Amino acid sequence: MLELAIVGAAGRMGHTLLEAACDEPGVTVTAASERPDSDALGMDTGALIGRPASGVQVRASLADCVDDFTVAIDFTQPENSLQSLQLCAAHGKAIVIGTTGFSEAQKKRIEEYAKRVPIVLAPNMSVGVSLTLTLLDTAARVLGDDYDVEILEAHHRHKVDAPSGTALRMGEVVAAAKGRDLASCAVYAREGHTGARDGSTIGFATMRGGDIVGEHTVVFAGTGERIEITHRASNRATFARGALRAARWLSGRRPGLYGMQDVLAVG
Ligand code: NAD
């Protein structure tokens, strides 16, 4: 039985992960943490999701339960995920990170930690998005530079980073397929007299509102036709199931930085 720690257990994804883990054979949640001022501290993880008591209490820090798990799953916020990573590296634990919004400097720190600890880092853990990334790579190669690429994404009103990590990942995949670097061709906002569109760019548009779980469309707009590749998540369980699959795949693996393409062996 694979023993898991859920960091951010009272969050939207933490909650969904606790539920998904109850229904997943071969895994058990043996540790959980929340921020030190959370109302959930001391609560039983079963009570947190309206299920029978698990005997596992929510702690104020992952450090308080570091001997109680094999793989940590962290969907929180960037600085905290780095702290979880530091702790896992110091104690030889693997970690699945679903958090988005890392800066370039933070991503470099993750790469450094990956020399010592096995990490799955993915801005979107759903199987459907992993397949979508493969489709995008193919589309970008086939369609080439005659088609303008725009990436549209929509999320719930509580999301704090934009564009979404998934939209950025999609942009990276398309840019790489065209032999470009996203950092030098992305256009994140347009306003006023922008001039005509530069065909070498990849544009982004972000919408926030209500309870939208996550929607992404990549448009390849050519002359006389338009191709749209869309992924819509209607339920967070798809991300949680992917994270549990990643945790199982990661257990016992060599140190390194892995993505969902590795976990699912696609691409
Ligand atoms: P949320 O705000 O509902 O949950 C985050 C939780 O982390 C909160 O409960 C918060 O209290 C907790 N937290 C903050 N600091 C902490 C600390 N020091 N120790 C322990 N817990 C701490 O957010 P969410 O919607 O669950 O999303 C969390 C992250 O996951 C975001 O970055 C989001 O973009 C990302 N996300 C990724 C995927 C994916 O498939 N990779 C899917 C959905 C969301």
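**Exercise 1. Determine how S10 is paired with S11 and what joins the two strands.**

*Solution.* Step 1: in this predicted model, S10 and S11 pair in the antiparallel sense, and 8 bridges hold the pairing. Step 2: take Phe220 as a probe of the register; its bridge partner in S11 is Ile227. Step 3: examine the connection. The two strands form a hairpin, with 4 residues between them. Within that turn, Gly224 has a positive phi of about 90 degrees. For context, most residues other than glycine have a negative phi.

**Exercise 2. Identify the strand joined to S10 by 7 bridges, and place both strands in their sheet.**

*Solution.* Step 1: strand S7 (residues 148–155) is joined to strand S10 (residues 214–221) by 7 bridges, and the two run antiparallel. Step 2: locate a residue pair. Val149 has Phe220 as its bridge partner in S10, and Phe220 is also the bridge partner of Ile227 in S11. Step 3: assemble the sheet. Its 5 strands follow the order S8-S9-S7-S10-S11; the sheet is open and its pairing is mixed. Step 4: mark the edges. Strand S8 (186–187) and strand S11 (226–233) each pair on one side only.

**Exercise 3. Describe the open sheet of 7 strands and the register at its S12 edge.**

*Solution.* Step 1: the strand order is S3-S2-S1-S4-S5-S6-S12, with parallel pairing. Step 2: the edge strands are S3 (58–59) and S12 (256–258), each of which pairs on one side only. Step 3: consider the link to S12. Strand S6 (residues 118–121) runs parallel to S12 and is joined to it by 3 bridges. Step 4: for the register, Ile119 stands opposite Leu257 in S12.

**Exercise 4. Find where the cis peptide bond from Ala162 to Pro163 lies.**

*Solution.* Step 1: the bond from Ala162 to Pro163 has omega near -10 degrees and is cis. Step 2: Pro163 belongs to the loop between S7 and helix H6 (165–177). Step 3: as background, most peptide bonds are trans.

**Exercise 5. Characterise the surroundings of the ligand and its polar contacts.**

*Solution.* Step 1: the ligand is surrounded by 22 residues, the closest being Glu34, Arg35, Asn80, Thr100 and Met125. Step 2: classify this shell. It divides into 8 nonpolar, 10 polar and 4 charged residues. Step 3: list polar contacts, applying the cut-off of 3.5 Å between N or O atoms.

- A polar side-chain atom of Arg35 is 2.8 Å from an oxygen atom of the ligand.
- A polar backbone atom of Gly11 lies 3.2 Å from an oxygen atom of the ligand.
- A nitrogen atom of the ligand is 3.1 Å from a backbone N or O atom of Pro123.

Step 4: assess the burial. On its own the ligand has 860 Å² of accessible area, of which the protein covers 82%. Step 5: assign the site. The space taken by the ligand is the largest pocket.

Note on methods: Residues are numbered from 1 along each chain as its sequence is written. This is a predicted model: local features need pLDDT of at least 70, side-chain atom pairs count only at pLDDT 80 or more; totals for chains, interfaces and linings use all residues. Side-chain values use heavy atoms; hydrogens and water are left out. A residue is near a molecule or strand if one of its heavy atoms lies within 4 Å of it. A polar contact is a pair of N or O atoms within 3.5 Å; within protein, one must be able to donate a hydrogen and the other to accept it, and residues adjacent in sequence count only if both atoms are side-chain atoms. Accessible areas come from the Shrake-Rupley method with a 1.4 Å probe; for residues, only the protein chains shown count as cover. On a 1 Å grid over the protein atoms alone, a cavity is a set of points where a 1.4 Å probe fits but cannot get out, and a pocket is an open set with protein on both sides within 12 Å along at least five of seven lines; lining residues have an atom within 4 Å of a point. A molecule sits in a cavity or pocket if more than half of its atoms lie within 2 Å of its grid points. Ala, Val, Leu, Ile, Met, Phe, Trp, Tyr, Cys and Pro count as nonpolar, Asp, Glu, Lys and Arg as charged, and the others, Gly among them, as polar. Two strands pair if DSSP finds at least two bridges between them.
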